[in-house]
Amino acid sequence: MSRLNIVDQGAGHFLVDGDLTFATIDKRTVKSLAFLTSHKDITIDLGRVDNTDSAGLALMIEWIKYCRAKRTQLRFSHVPKQLLSLARLSGFDKDPHFAAHLE
């Protein structure tokens with residue numbers, strides 16, 4: 001298990017490093033959304049995510065909902081195949097709001 005870290009790379013770019021799983025995502029992670037209001041245009045790079053499960057997909061959905069409410073543009077880059085497969089299995093990949101956030 002790799003600890004979850006969200007690294008500010010400047011100019012609205014953030015890197016998620018570690019696992020996006022039930023074991024690494026806690027209430028503090030879900031509630032710490034302040035980084036999503038640092039800019040009006042946010043990119044979250046998921047290229048360094050090692051493992052993920054449905055908790056990772058749920059967190060992405062929360063980030064999307066939060067940014068939509070705050071009128072912040074959000075994009076995800078380097079989304080792991082595991083997360084895309086989970087989105088497909090749940091049918092969420094057909095949601096235009098989800099698909100619009102993928103690079």
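Two rings of Phe, Tyr or Trp (for Trp, the six-membered ring) make a pair if their centres lie within 6.5 Å; planes under 30 degrees apart are stacked, over 60 edge-to-face, and the rest tilted. We're working with a predicted model, where local features need pLDDT of at least 70, side-chain atom pairs count only at pLDDT 80 or more, and totals for chains, interfaces and linings use all residues. Residues are numbered from 1 along each chain as its sequence is written, and side-chain values use heavy atoms, leaving out hydrogens and water.

**Exercise 1.** Find which residues form the aromatic cluster, then look at two of its pairs.

*Step 1.* The cluster is made of F14, F35, W63 and F76. The pair count comes to three.

*Step 2.* Take F14 and F35: with 5.0 Å centre to centre and 65° between the planes, they are edge-to-face. F14 sits in strand β2 and F35 in the loop between α1 (27-31) and β3, so this pair ties together parts 21 residues apart in sequence. (Strands are DSSP runs of E, at least two residues; helices are runs of H or I, at least four; numbering starts at the N terminus.)

*Step 3.* Now F35 and W63: the centres are 5.7 Å apart and the planes at 90°, so this pair is edge-to-face. W63 belongs to helix α2, so the pair links parts 28 residues apart in sequence.

**Exercise 2.** Are F35 and W63 buried or exposed?

*Step 1.* Grab the cut-offs: buried is under 20% relative accessible area, exposed over 50%, partly exposed in between (1.4 Å probe, protein chains only).

*Step 2.* Both F35 and W63 come out buried. F14 is buried as well.
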